Amino acid sequence: MDAVAEQDLTALEQQLVTYQEKTKEFETITEDKLEEAAIFVGGCKAAEKWIESERIAKVKPLNDEVRTINTAHNTVKNGFEQARTTVERKVSLYRIEQKRLADERQRLELEEAARVQREKEAKLQAERDALAKQEEEARIAQEQADLEETNLDRKIERAERELADLQESAPENMDAAYQRKLQTREERVLMLCAEKAALAPVVVDTSAADATREEIARLEAEVAVPVVAQVVEQTPKTIKTGAGSVSFKDSKMTWILVGWDQKVKKCSLDLVDKTVLATLPEEIRWLLKVSILDVPALNASYKNKEAFPHPFGEVPVFGGSQVNAGSACRRAGTVRSESANQPSARWAGRRDPRPVEGGPPSGAGDQRQLFKP
(Lines give C-alpha, C1' and ligand atoms only; values in the text may rest on other atoms or scores of the structure.)
Protein backbone atom coordinates (compact mmCIF):
# COMPACT_ATOMS: atom_id res chain seq x y z
CA MET A 1 0.00 0.00 0.00
CA ASP A 2 2.97 2.29 0.66
CA ALA A 3 4.10 1.81 -2.92
CA VAL A 4 0.62 2.76 -4.15
CA ALA A 5 0.63 5.80 -1.90
CA GLU A 6 4.04 6.83 -3.19
CA GLN A 7 2.82 6.47 -6.76
CA ASP A 8 -0.27 8.53 -5.94
CA LEU A 9 1.89 11.24 -4.28
CA THR A 10 4.15 11.31 -7.35
CA ALA A 11 1.11 11.68 -9.57
CA LEU A 12 -0.17 14.52 -7.41
CA GLU A 13 3.22 16.26 -7.64
CA GLN A 14 2.90 16.13 -11.41
CA GLN A 15 -0.68 17.38 -11.22
CA LEU A 16 0.47 20.23 -8.95
CA VAL A 17 2.42 21.72 -11.82
CA THR A 18 -0.72 21.63 -13.94
CA TYR A 19 -2.80 23.19 -11.16
CA GLN A 20 -0.25 25.95 -10.63
CA GLU A 21 -0.32 26.78 -14.33
CA LYS A 22 -4.10 26.69 -14.33
CA THR A 23 -4.29 29.37 -11.60
CA LYS A 24 -3.31 31.87 -14.28
CA GLU A 25 -6.67 31.23 -16.00
CA PHE A 26 -8.44 32.59 -12.92
CA GLU A 27 -6.78 36.00 -12.91
CA THR A 28 -10.19 37.42 -13.78
CA ILE A 29 -13.30 35.67 -12.47
CA THR A 30 -16.43 35.83 -14.60
CA GLU A 31 -19.83 34.20 -14.31
CA ASP A 32 -18.80 31.51 -16.81
CA LYS A 33 -15.71 30.60 -14.76
CA LEU A 34 -17.43 30.29 -11.36
CA GLU A 35 -18.30 26.60 -11.76
CA GLU A 36 -14.84 25.80 -13.14
CA ALA A 37 -13.23 27.68 -10.23
CA ALA A 38 -15.37 25.74 -7.75
CA ILE A 39 -14.27 22.45 -9.34
CA PHE A 40 -10.65 23.64 -9.18
CA VAL A 41 -10.93 24.51 -5.48
CA GLY A 42 -12.64 21.18 -4.74
CA GLY A 43 -9.83 19.29 -6.46
CA CYS A 44 -7.21 21.18 -4.42
CA LYS A 45 -9.10 20.47 -1.18
CA ALA A 46 -9.36 16.77 -2.01
CA ALA A 47 -5.63 16.58 -2.76
CA GLU A 48 -4.79 18.42 0.50
CA LYS A 49 -7.01 16.11 2.53
CA TRP A 50 -5.54 12.97 0.99
CA ILE A 51 -1.93 14.19 1.46
CA GLU A 52 -2.59 15.14 5.10
CA SER A 53 -4.18 11.75 5.83
CA GLU A 54 -1.19 9.96 4.28
CA ARG A 55 1.24 12.14 6.24
CA ILE A 56 -0.55 11.44 9.52
CA ALA A 57 -0.64 7.72 8.74
CA LYS A 58 3.16 7.70 8.31
CA VAL A 59 4.10 10.17 11.08
CA LYS A 60 1.78 8.98 13.86
CA PRO A 61 3.62 5.70 14.54
CA LEU A 62 6.91 7.57 14.60
CA ASN A 63 5.53 10.26 16.97
CA ASP A 64 4.07 7.55 19.20
CA GLU A 65 7.46 5.85 19.35
CA VAL A 66 9.22 9.17 20.13
CA ARG A 67 6.65 9.86 22.85
CA THR A 68 7.20 6.43 24.35
CA ILE A 69 10.98 6.85 24.30
CA ASN A 70 10.75 10.36 25.82
CA THR A 71 8.40 9.17 28.54
CA ALA A 72 10.63 6.25 29.53
CA HIS A 73 13.84 8.29 29.52
CA ASN A 74 12.42 11.48 31.01
CA THR A 75 10.91 9.57 33.93
CA VAL A 76 14.35 8.33 34.97
CA LYS A 77 16.02 11.60 34.04
CA ASN A 78 13.53 13.64 36.05
CA GLY A 79 14.14 11.38 39.03
CA PHE A 80 17.86 12.08 38.90
CA GLU A 81 17.18 15.79 38.33
CA GLN A 82 14.87 15.93 41.32
CA ALA A 83 17.44 14.14 43.49
CA ARG A 84 20.17 16.49 42.26
CA THR A 85 18.17 19.66 42.81
CA THR A 86 17.20 18.47 46.30
CA VAL A 87 20.86 18.11 47.27
CA GLU A 88 21.82 21.32 45.46
CA ARG A 89 19.18 23.18 47.44
CA LYS A 90 20.50 21.78 50.71
CA VAL A 91 24.08 22.66 49.71
CA SER A 92 22.98 26.18 48.73
CA LEU A 93 21.17 26.65 52.05
CA TYR A 94 24.29 25.41 53.86
CA ARG A 95 26.53 27.78 51.91
CA ILE A 96 24.17 30.70 52.56
CA GLU A 97 24.24 29.99 56.30
CA GLN A 98 28.01 29.52 56.29
CA LYS A 99 28.42 32.81 54.41
CA ARG A 100 26.24 34.53 56.99
CA LEU A 101 28.35 33.09 59.81
CA ALA A 102 31.59 33.98 58.01
CA ASP A 103 30.36 37.53 57.40
CA GLU A 104 29.46 37.82 61.08
CA ARG A 105 32.90 36.56 62.13
CA GLN A 106 34.50 38.96 59.68
CA ARG A 107 32.47 41.83 61.14
CA LEU A 108 33.64 40.91 64.65
CA GLU A 109 37.24 40.71 63.44
CA LEU A 110 36.97 44.17 61.90
CA GLU A 111 35.39 45.57 65.05
CA GLU A 112 38.11 44.01 67.21
CA ALA A 113 40.84 45.45 64.98
CA ALA A 114 39.20 48.87 65.14
CA ARG A 115 38.91 48.59 68.95
CA VAL A 116 42.61 47.71 69.32
CA GLN A 117 43.55 50.58 67.01
CA ARG A 118 41.40 53.00 69.05
CA GLU A 119 43.00 51.78 72.30
CA LYS A 120 46.49 52.38 70.87
CA GLU A 121 45.55 55.86 69.72
CA ALA A 122 43.92 56.64 73.08
CA LYS A 123 47.03 55.44 74.94
CA LEU A 124 49.23 57.57 72.68
CA GLN A 125 47.05 60.60 73.35
CA ALA A 126 47.17 59.95 77.11
CA GLU A 127 50.97 59.84 77.03
CA ARG A 128 51.05 63.07 75.04
CA ASP A 129 48.75 64.71 77.58
CA ALA A 130 50.95 63.45 80.44
CA LEU A 131 54.06 64.86 78.76
CA ALA A 132 52.34 68.20 78.20
CA LYS A 133 51.35 68.28 81.89
CA GLN A 134 54.93 67.48 83.03
CA GLU A 135 56.36 70.18 80.79
CA GLU A 136 53.81 72.69 82.06
CA GLU A 137 54.60 71.91 85.71
CA ALA A 138 58.34 72.28 85.03
CA ARG A 139 57.73 75.61 83.29
CA ILE A 140 55.64 76.93 86.18
CA ALA A 141 58.29 75.87 88.75
CA GLN A 142 61.04 77.57 86.74
CA GLU A 143 59.00 80.74 86.36
CA GLN A 144 58.30 80.89 90.11
CA ALA A 145 62.03 80.46 90.91
CA ASP A 146 62.96 83.11 88.35
CA LEU A 147 60.32 85.45 89.72
CA GLU A 148 61.55 85.02 93.32
CA GLU A 149 65.18 85.68 92.30
CA THR A 150 64.14 88.72 90.28
CA ASN A 151 62.22 90.16 93.25
CA LEU A 152 65.28 89.77 95.50
CA ASP A 153 67.49 91.42 92.90
CA ARG A 154 65.12 94.38 92.79
CA LYS A 155 65.03 94.63 96.60
CA ILE A 156 68.85 94.48 96.78
CA GLU A 157 69.15 97.12 94.07
CA ARG A 158 66.71 99.41 95.85
CA ALA A 159 68.40 98.87 99.26
CA GLU A 160 71.87 99.56 97.79
CA ARG A 161 70.54 102.71 96.09
CA GLU A 162 68.98 103.93 99.35
CA LEU A 163 72.27 103.20 101.17
CA ALA A 164 74.27 105.05 98.53
CA ASP A 165 71.93 108.03 98.68
CA LEU A 166 72.14 108.06 102.45
CA GLN A 167 75.94 107.91 102.37
CA GLU A 168 76.17 110.78 99.85
CA SER A 169 73.91 113.00 101.91
CA ALA A 170 75.66 112.22 105.19
CA PRO A 171 77.06 115.34 106.98
CA GLU A 172 80.66 115.64 108.08
CA ASN A 173 79.76 115.41 111.74
CA MET A 174 77.15 112.59 111.88
CA ASP A 175 75.17 112.28 115.03
CA ALA A 176 74.31 108.97 116.64
CA ALA A 177 70.85 108.81 115.06
CA TYR A 178 72.18 109.24 111.53
CA GLN A 179 74.83 106.60 112.13
CA ARG A 180 72.14 104.11 113.33
CA LYS A 181 70.11 104.88 110.21
CA LEU A 182 73.13 104.27 108.00
CA GLN A 183 73.94 101.05 109.81
CA THR A 184 70.38 99.87 109.38
CA ARG A 185 70.60 100.38 105.62
CA GLU A 186 73.85 98.47 105.43
CA GLU A 187 72.43 95.59 107.47
CA ARG A 188 69.39 95.40 105.12
CA VAL A 189 71.63 95.15 102.05
CA LEU A 190 73.66 92.39 103.70
CA MET A 191 70.52 90.54 104.79
CA LEU A 192 69.03 90.62 101.24
CA CYS A 193 72.30 89.42 99.72
CA ALA A 194 72.43 86.59 102.22
CA GLU A 195 68.83 85.69 101.40
CA LYS A 196 69.66 85.57 97.67
CA ALA A 197 72.71 83.43 98.36
CA ALA A 198 70.52 81.07 100.36
CA LEU A 199 68.16 80.50 97.45
CA ALA A 200 68.36 76.86 96.31
CA PRO A 201 68.90 76.46 92.59
CA VAL A 202 65.86 75.10 90.72
CA VAL A 203 66.70 71.67 89.31
CA VAL A 204 64.03 70.25 86.93
CA ASP A 205 63.93 66.44 86.85
CA THR A 206 63.51 65.52 83.17
CA SER A 207 63.80 61.75 83.61
CA ALA A 208 60.03 61.24 83.74
CA ALA A 209 59.51 63.46 80.71
CA ASP A 210 62.26 61.66 78.83
CA ALA A 211 60.66 58.29 79.62
CA THR A 212 57.32 59.64 78.47
CA ARG A 213 58.87 60.84 75.20
CA GLU A 214 60.34 57.38 74.58
CA GLU A 215 56.95 55.79 75.23
CA ILE A 216 55.31 58.26 72.85
CA ALA A 217 57.83 57.41 70.13
CA ARG A 218 57.14 53.71 70.60
CA LEU A 219 53.35 54.20 70.51
CA GLU A 220 53.59 56.43 67.43
CA ALA A 221 55.45 53.66 65.65
CA GLU A 222 52.71 51.19 66.61
CA VAL A 223 49.87 53.49 65.60
CA ALA A 224 51.56 54.18 62.26
CA VAL A 225 51.06 50.49 61.41
CA PRO A 226 47.26 49.96 61.37
CA VAL A 227 45.82 46.84 62.94
CA VAL A 228 44.70 44.48 60.16
CA ALA A 229 41.73 42.21 60.82
CA GLN A 230 42.11 38.53 60.10
CA VAL A 231 40.41 37.49 56.87
CA VAL A 232 37.71 34.88 57.51
CA GLU A 233 37.63 32.24 54.79
CA GLN A 234 34.36 31.62 52.99
CA THR A 235 32.96 28.21 52.16
CA PRO A 236 34.57 27.19 48.84
CA LYS A 237 32.36 27.12 45.77
CA THR A 238 34.29 24.26 44.17
CA ILE A 239 34.60 20.90 45.90
CA LYS A 240 37.30 18.57 44.63
CA THR A 241 36.39 14.95 44.00
CA GLY A 242 38.40 11.94 42.99
CA ALA A 243 37.79 12.49 39.28
CA GLY A 244 37.55 16.30 39.12
CA SER A 245 35.47 18.85 40.98
CA VAL A 246 31.91 20.10 41.42
CA SER A 247 31.20 23.85 41.46
CA PHE A 248 28.11 25.15 43.24
CA LYS A 249 26.72 28.42 41.96
CA ASP A 250 25.45 31.19 44.20
CA SER A 251 21.74 31.69 44.57
CA LYS A 252 20.10 34.67 42.86
CA MET A 253 16.92 36.61 43.44
CA THR A 254 14.04 36.52 40.97
CA TRP A 255 10.59 38.03 40.78
CA ILE A 256 7.49 36.15 41.87
CA LEU A 257 3.73 36.55 41.64
CA VAL A 258 2.28 34.18 44.22
CA GLY A 259 -0.40 31.85 42.90
CA TRP A 260 0.24 32.49 39.21
CA ASP A 261 0.90 29.51 36.98
CA GLN A 262 3.03 31.07 34.25
CA LYS A 263 1.75 28.56 31.72
CA VAL A 264 -1.65 30.26 31.98
CA LYS A 265 -2.02 33.73 30.55
CA LYS A 266 -2.99 36.37 33.07
CA CYS A 267 -4.67 39.66 32.27
CA SER A 268 -3.04 42.78 33.68
CA LEU A 269 -6.49 43.99 34.73
CA ASP A 270 -6.67 41.16 37.29
CA LEU A 271 -3.93 42.84 39.34
CA VAL A 272 -5.54 46.28 39.50
CA ASP A 273 -7.56 47.25 42.54
CA LYS A 274 -11.14 48.14 41.63
CA THR A 275 -11.05 51.41 43.58
CA VAL A 276 -7.93 52.47 41.72
CA LEU A 277 -9.33 51.24 38.40
CA ALA A 278 -12.29 53.62 38.66
CA THR A 279 -9.94 56.60 38.84
CA LEU A 280 -8.02 55.69 35.67
CA PRO A 281 -8.85 57.16 32.23
CA GLU A 282 -10.97 55.00 29.96
CA GLU A 283 -8.15 54.40 27.48
CA ILE A 284 -5.87 53.15 30.28
CA ARG A 285 -8.60 50.80 31.53
CA TRP A 286 -8.99 49.47 28.00
CA LEU A 287 -5.23 48.91 27.62
CA LEU A 288 -5.13 47.02 30.93
CA LYS A 289 -8.09 44.92 29.84
CA VAL A 290 -6.39 43.73 26.63
CA SER A 291 -2.87 43.50 28.12
CA ILE A 292 -1.51 40.07 29.03
CA LEU A 293 1.36 39.52 31.45
CA ASP A 294 4.35 38.32 29.44
CA VAL A 295 6.92 36.23 31.32
CA PRO A 296 9.90 37.01 29.00
CA ALA A 297 9.13 40.73 29.21
CA LEU A 298 8.92 40.54 33.01
CA ASN A 299 12.22 38.64 33.13
CA ALA A 300 13.86 41.30 30.97
CA SER A 301 12.48 44.08 33.18
CA TYR A 302 13.71 42.34 36.33
CA LYS A 303 17.13 41.83 34.74
CA ASN A 304 17.29 45.61 34.14
CA LYS A 305 16.77 46.10 37.91
CA GLU A 306 13.34 47.67 37.52
CA ALA A 307 11.31 47.88 40.74
CA PHE A 308 8.40 45.45 40.78
CA PRO A 309 5.42 46.81 42.77
CA HIS A 310 3.10 44.84 45.01
CA PRO A 311 1.81 42.10 44.66
CA PHE A 312 5.05 41.09 42.92
CA GLY A 313 7.82 39.97 45.26
CA GLU A 314 11.27 38.44 45.30
CA VAL A 315 12.49 34.96 46.22
CA PRO A 316 15.87 33.24 45.91
CA VAL A 317 16.54 30.80 43.10
CA PHE A 318 19.28 28.31 43.85
CA GLY A 319 22.02 28.42 41.28
CA GLY A 320 22.60 24.72 40.62
CA SER A 321 26.00 23.16 40.05
CA GLN A 322 28.54 22.21 37.40
CA VAL A 323 30.71 19.10 37.20
CA ASN A 324 34.28 19.78 36.09
CA ALA A 325 36.13 16.69 34.94
CA GLY A 326 39.83 16.46 35.76
CA SER A 327 42.45 16.55 33.02
CA ALA A 328 43.25 12.88 33.57
CA CYS A 329 39.57 12.02 33.21
CA ARG A 330 39.30 13.97 30.00
CA ARG A 331 42.33 12.24 28.51
CA ALA A 332 41.13 8.79 29.51
CA GLY A 333 37.51 9.44 28.53
CA THR A 334 36.29 8.30 31.94
CA VAL A 335 33.51 10.90 31.98
CA ARG A 336 31.72 9.11 29.18
CA SER A 337 32.42 5.70 30.67
CA GLU A 338 30.68 6.71 33.92
CA SER A 339 27.32 7.02 32.19
CA ALA A 340 26.77 3.30 32.35
CA ASN A 341 26.63 3.21 36.15
CA GLN A 342 26.02 6.80 37.34
CA PRO A 343 24.62 10.11 36.04
CA SER A 344 26.61 11.71 33.25
CA ALA A 345 28.48 14.93 33.82
CA ARG A 346 26.29 16.42 31.13
CA TRP A 347 23.37 16.26 33.57
CA ALA A 348 25.05 18.52 36.11
CA GLY A 349 24.87 22.27 36.19
CA ARG A 350 21.31 22.57 34.93
CA ARG A 351 19.01 24.90 36.77
CA ASP A 352 15.27 25.16 36.75
CA PRO A 353 14.55 28.54 35.11
CA ARG A 354 11.09 28.74 36.64
CA PRO A 355 10.74 31.20 39.50
CA VAL A 356 10.30 29.66 42.93
CA GLU A 357 6.77 30.16 44.18
CA GLY A 358 5.74 30.71 47.77
CA GLY A 359 7.25 32.72 50.54
CA PRO A 360 6.49 36.27 51.63
CA PRO A 361 7.12 38.83 48.89
CA SER A 362 9.64 41.49 49.80
CA GLY A 363 9.61 45.12 48.77
CA ALA A 364 5.84 45.13 48.42
CA GLY A 365 5.54 48.88 48.79
CA ASP A 366 2.34 50.81 49.48
CA GLN A 367 -0.80 48.66 49.57
CA ARG A 368 -2.79 51.50 47.99
CA GLN A 369 -0.76 51.61 44.82
CA LEU A 370 -1.90 50.49 41.39
CA PHE A 371 -1.71 46.77 42.14
CA LYS A 372 -4.09 45.25 44.65
CA PRO A 373 -2.94 42.83 47.34
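This passage describes the overall make-up of a predicted model, then two surface patches and one residue of helix 6.

The protein chain contains nine helices and five strands. Read from the N terminus, its elements follow the order α-α-α-α-β-β-β-α-α-α-β-β-α-α. The chain has 373 residues, and 20% of them count as buried. About 27,300 Å² of the chain is exposed, with 56% of that area supplied by carbon and sulfur atoms. Among contacts with a sequence separation of 6 or more, 78% are between residues 24 or more positions apart.

A good place to begin on the surface is the positive patch, which is formed by Lys155, Arg158, Arg161 and Arg188. Helix 2, spanning residues 34–168, gives the most to this patch, contributing three residues. Arg161, one of the patch members, is found in helix 2. The relative accessible area of Arg161 is 42%, so this arginine is classed as partly exposed. That value also fits its place in the patch, because patch residues need over 30% relative accessible area.

A second patch has a nonpolar character. Ile284, Trp286, Leu287 and Val290 together make this surface patch, which covers about 380 Å². Trp286 belongs to helix 6, the element that runs over residues 282–290. With a relative accessibility of 53%, Trp286 counts as exposed, because the cut-off for that class is over 50%.

Helix 6 also offers a helpful contrast. Is Leu288 buried or exposed? This leucine, too, is placed in helix 6, yet its relative accessibility is 17%, so Leu288 counts as buried. The reasoning rests on the cut-off for burial, which is under 20% relative accessible area.

What, then, does Leu288 touch? Setting aside neighbours within four places in sequence, Leu288 is in contact with Cys267, Ser268, Leu269, Val272, Leu277 and Leu280. The position of Leu288 can also be described relative to Asp270: the two residues are 18 residues apart in sequence, and their C-alpha atoms are 8.8 Å apart in space. Helix 6 of the predicted model thus holds both Trp286, an exposed residue at 53% relative accessibility, and Leu288, a buried one at 17%.

Conventions
Residues are numbered from 1 along each chain as its sequence is written. This is a predicted model: local features need pLDDT of at least 70, side-chain atom pairs count only at pLDDT 80 or more; totals for chains, interfaces and linings use all residues. Side-chain values use heavy atoms; hydrogens and water are left out. Patches are made of residues with over 30% relative accessible area and no salt bridge: like charges are joined within 9 Å, nonpolar side chains (Val, Leu, Ile, Met, Phe, Trp, Tyr) within 5 Å. Accessible areas come from the Shrake-Rupley method with a 1.4 Å probe; for residues, only the protein chains shown count as cover. A salt bridge is a side-chain nitrogen of Lys or Arg within 4 Å of a carboxyl oxygen of Asp or Glu. Lys and Arg count as positive and Asp and Glu as negative; His and the chain ends are not counted. The place of a charge is taken as NZ of Lys, CZ of Arg, CG of Asp or CD of Glu. Helices (H or I, at least four residues) and strands (E, at least two) are DSSP runs, numbered from the N terminus. Buried means under 20% relative accessible area, exposed over 50%, partly exposed in between (1.4 Å probe, protein chains only). Contact means heavy atoms within 4.5 Å.
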